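Please open the model in a viewer and keep the sequence at hand. This tour proposes a series of selections and states what is to be found at each.

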Amino acid sequence: MSLLDDVAERDGWRCWVCDEAVDPDESVNDPRGPSVDSRTADRKAKVTERLAHRGCNTRKGAVKVEIAWPDRLYVVEPAPLITVAGRLERKGGREMVGRCPTRRDAQEAADWLVDRFSRLVPGLPVTADIEPGGGQYLVILATGRR
């Protein structure tokens with residue numbers, strides 16, 4: 001098996017950047033085709049190679065990667081998730097990632113975050129908490145040290 005196949009199988013054939021499915025039958029030269037990406041230059045990182053669409057991988061080289069929050073979530077001042085992932089991976093602990101006007105909005109955001117982080121940083125056990133404060137609900141991600 002090639003490195004591409006190994007990485008793709010481990011990542012469930014999902015692009016780590018856009019979180020969409022990657023077609024294993026698509027040409028590696030097509031923007032929607034599979035490619036192996038070095039997610040981080042940090043030599044201490046647990047996972048250095050990740051599956052990405054060729055287009056996502058190429059675009060990432062020209063601009064800083066940003067993991068988009070879904071439009072369906074109502075989150076005020078959402079945190080940049082790549083930055084949050086890096087800090088939680090290095091230090092563990094808790095980090096506030098957004099504010100929501102209702103508990104329901106906060107719960108939807110929390111559920112999405114736990115699911116997304118399971119693919120963004122595999123092996124990092126992330127939980128989400130919701131705390132009321134100032135007439136809004138804070139969404140907080142937490143993890144222990146890795």
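The tour begins with the whole chain and then proceeds to individual elements and residues.

**The whole chain**

Please display the complete chain first, bearing in mind that this is a predicted model. The chain contains four helices and five strands. Read from the N terminus, these elements follow the order α-β-β-α-α-β-α-β-β. Of the 146 residues in the chain, 40% are buried. Among contacts between residues at least 6 apart in sequence, 55% join residues at least 24 apart.

**The nonpolar core**

Next, select Trp 69, Val 97, Leu 113, Phe 117, Val 139 and Leu 141. The largest nonpolar core has 36 residues, and these six touch the most other members. Helix H1 (3–10), strand S2 (49–53), H3, S3, H4 and S5 each contribute at least two residues to this core. Helix H4 gives the largest share, namely seven residues.

Now keep Val 139 alone and show its surroundings. Which residues are in contact with Val 139, if neighbours within four places in sequence are left aside? They are Glu 95, Met 96, Val 97, Gly 98, Cys 100, Ala 106, Ala 109, Ala 110, Leu 113 and Asp 129. One of these, Cys 100, is buried, with a relative accessible area of 1%.

**Helix H3**

Select residues 81–91, which form helix H3. Its buried residues are Leu 81, Val 84, Ala 85, Gly 86, Leu 88 and Glu 89. To see what these buried residues pack against, add strand S3 (93–100), helix H4 (103–120) and strand S5 (136–143). Just after H3, Gly 92 adopts a positive phi of about 70°.

**The tryptophan pair**

Select Trp 69 and Trp 112. A search of the whole structure finds one aromatic pair. The ring centres of Trp 69 and Trp 112 are 5.5 Å apart and the ring planes lie at 40°, so the pair is tilted. Trp 69 belongs to the loop between helix H2 (54–62) and H3, whereas Trp 112 belongs to helix H4, so the pair ties together parts that are 43 residues apart in sequence. Are these two rings buried or exposed? Trp 69 is buried at 15% relative accessibility, and Trp 112 is buried with a relative accessible area of 11%.

**Salt bridges**

Turn now to the charged side chains. Side chains of opposite charge can pair when their charged atoms come close. How many salt bridges does a search of the whole structure find? The search finds 12 salt bridges.

Select Arg 87 and Glu 95. These residues form a salt bridge in which the closest N and O atoms are 2.4 Å apart. Arg 87 is partly exposed, with a relative accessible area of 32%, whereas Glu 95 is buried at 14% relative accessibility.

Then select Glu 131 and Arg 94, whose side chains meet in a salt bridge of 2.7 Å, N to O. This pair links distant parts of the chain: Glu 131 is in strand S4 (residues 127–133) and Arg 94 is in strand S3, 37 residues apart. Glu 131 is partly exposed, at 30% relative accessibility.

For a salt bridge within one helix, select Arg 119 and Asp 115. Both residues lie in helix H4, four residues apart, about one turn of the helix. Their closest N and O atoms are 3.0 Å apart. Asp 115 is partly exposed, at 39% relative accessibility. Add Arg 14, Asp 19 and Arg 116 to the selection: together with Asp 115 and Arg 119 they are linked in a network of salt bridges.

**Ser 35**

Select Ser 35, which is located in strand S1 (residues 34–38). Ser 35 is buried, at 2% relative accessibility. Its side chain is joined to that of Asn 57 by a polar contact of 3.1 Å. Leaving aside neighbours within four places in sequence, Ser 35 is also in contact with other residues, including Leu 4, Arg 50, Leu 51 and His 53.

**The cysteines**

Finally, select Cys 15 and Cys 18. A disulfide is a covalent bond between the sulfur atoms of two cysteines. The count of disulfides in this model is zero. For Cys 15, the nearest cysteine sulfur is that of Cys 18, at 3.8 Å. A disulfide requires sulfur atoms within 2.5 Å, and Cys 15 is in no disulfide. Cys 15 is buried, with a relative accessible area of 1%.

Key: Residues are numbered from 1 along each chain as its sequence is written. This is a predicted model: local features need pLDDT of at least 70, side-chain atom pairs count only at pLDDT 80 or more; totals for chains, interfaces and linings use all residues. Side-chain values use heavy atoms; hydrogens and water are left out. Buried means under 20% relative accessible area, exposed over 50%, partly exposed in between (1.4 Å probe, protein chains only). Contact means heavy atoms within 4.5 Å. A nonpolar core is a set of buried Ala, Val, Leu, Ile, Met, Phe, Trp, Tyr and Cys residues joined through side-chain atoms within 4.5 Å. A polar contact is a pair of N or O atoms within 3.5 Å; within protein, one must be able to donate a hydrogen and the other to accept it, and residues adjacent in sequence count only if both atoms are side-chain atoms. A salt bridge is a side-chain nitrogen of Lys or Arg within 4 Å of a carboxyl oxygen of Asp or Glu. Rings of Phe, Tyr and Trp (its six-membered ring) pair if their centres lie within 6.5 Å; planes under 30 degrees apart count as stacked, over 60 as edge-to-face and the rest as tilted.
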